[in-house]
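Q: Could you take me through one part of this structure slowly? I would like to see how two helices sit against each other, and what lies around that part.

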Amino acid sequence: MTVPRPPEPIPGARLLFSLDPSVSHLNHGAFGAVPIPVQRAQQRLRDEMESNPLRFFTQGLVDRIAHARRHLATFLGADPDGTTLVSNVTTGAAVVLQSLALRPGDEVVTTDHGYGAVALSVARECARTGAVSRTLPVPLSATDEELVEIVRDGLRPGRTRLLIVDQLTSPTARLFPTSALVAVAREQGVPVLVDAAHAPGMLPTTVASVGADFWVGNLHKWAYAPRGTAALVVAERWRERIQPLVVSWEQDSGFPTRVEWQATRDYTGWLAAPVGLFTLRSLGLDRVRTHNAALAAYGQRVVGDALGVAPERLPEPGGPAVAMRLVPLPPGVATTLDAARELRARIADRIGAEVSVAGWNGRGYLRLCGQVYNTPEEYDRLAVRLPTLLAQG
Ligand SMILES: Cc1ncc(COP(=O)(O)O)c(C=O)c1O
């Protein structure tokens, strides 16, 4: 079978980034990369802050944050009145968990495709409150229908106080049918938190169409915002119950301002985040999405071929817009956290490629992303050199 043609590059796109050109940056999904115009916009805001900190913090900052929030919510297809800015998805998930007032006997249900730090947050909140957590195993090969059935069977009405599902999973790069999952949970009266860390900027799905009780997504990954920018969207019936992790001066302002105002910190990233959306739009949102998904698919095929993985054994992402793809590593390679970290570092050192390596359910996987600054040759180079590196053990 022939490898699909890689997409045409988007002219000038690579020049928007300050990435080290001697490295193949194939893991945009981890920490993103901030385009230079966005970095500059944030620096101008920092200059303004440093020219008169008192004026910056006390005259109009709360309104400027609200303005940025409304702009970002509109882009996400979320209700601006139900949206609050937080630093990252990890924080947003913690805000939701601690606002639920869990009690002994309550349970939080997750799947084994969930993000590790969110699972740790669930574990701590359960330990603090006497609630318990339960993780539903979902095979990598499960169809959407099977996944929905697993979740339907896994909920215990009256006892399950929260279901957490990912819109696009981190260890397995799998698109979950989130609106169908929300619907089965709703039938059983179970609230749902959707971890949409990778959705903003990558997936065309609107937040409103997911219909979750709580949805949290990072703008600092695929929406080109400065790091520390995420949106937590809360259904109307929950808003008054949502409490910030840290109480500060806006506590009496209610949702969403009391969650956003976290005392003295650098808010310039949030104010500069709309420039990330402007950068995306000026490249062409659909063009960027199509390019990135096609490049990730190309990378998966060439690296998979090089490792002898038949195309039909390459995990399917579950949708055409997904710009992260998995390649299974040979059995026994990178199956533990330590081994995965060691292999990632070795690929960076010896091949000059930044990739994600993770063990999941006893198998090691490489996760490759596609982004406008990547070229097909970067995946080709990895494909040529990876088999030798793996053979060296
Ligand atoms: C599915 C998922 N959830 C949560 C996170 C955490 O994001 P952050 O570090 O911005 O909180 C990530 C990060 O990659 C992720 O992939």
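A: Happy to! Let's start with the handedness: helices α5 and α6 cross in a right-handed way. Keep in mind that this is a predicted model. To find the pair, look for α5 at residues 89-99 and α6 at residues 116-129. Their axes are 10 Å apart and meet at an angle of about 25°. Angles under 35 degrees count as roughly parallel, and α5 and α6 are therefore roughly parallel to each other.

Now zoom in on the residues that touch. From α5 come Thr90, Ala93, Ala94, Leu97 and Gln98. Facing them from α6 are Ala117, Val118, Ser121, Val122, Glu125 and Arg128. Sorted by class, this contact between α5 and α6 has six nonpolar, three polar and two charged residues.

Thr90 is a good residue to follow onward, since it leads us to the ligand. There are 14 residues around the ligand, and Thr90 is among those that come nearest, along with Asp195, His198, Asn218 and Lys221. Asp195 has a polar side-chain atom 2.6 Å from a nitrogen atom of the ligand. For Lys221, an N or O atom in the side chain is 2.7 Å from an oxygen atom of the ligand. His220 also takes part, with a polar side-chain atom 3.0 Å from a ligand oxygen atom.

So, back where we began: Thr90 belongs to the α5 side of the contact with α6, and Thr90 is also one of the residues that come nearest to the ligand.

How values were computed
Residues numbered from 1 in each chain as written. Predicted model: local features only at pLDDT ≥ 70, side-chain atom pairs only at ≥ 80, totals over all residues. Heavy atoms only, no water. Axes fitted to C-alpha atoms, helices over the stretch in contact; angles between N-to-C directions. Helix = DSSP H or I, 4+ residues; strand = E, 2+ residues; numbered from the N terminus. Parallel < 35°, antiparallel > 145°, perpendicular 65-115°, else oblique. Left-handed = near helix turned anticlockwise from the far one by under 90°. Contact = heavy atoms within 4.5 Å. Nonpolar A, V, L, I, M, F, W, Y, C, P; charged D, E, K, R; others polar. Near = heavy atom within 4 Å. Polar contact = N/O pair within 3.5 Å; in protein donor to acceptor, adjacent residues only side chain to side chain.
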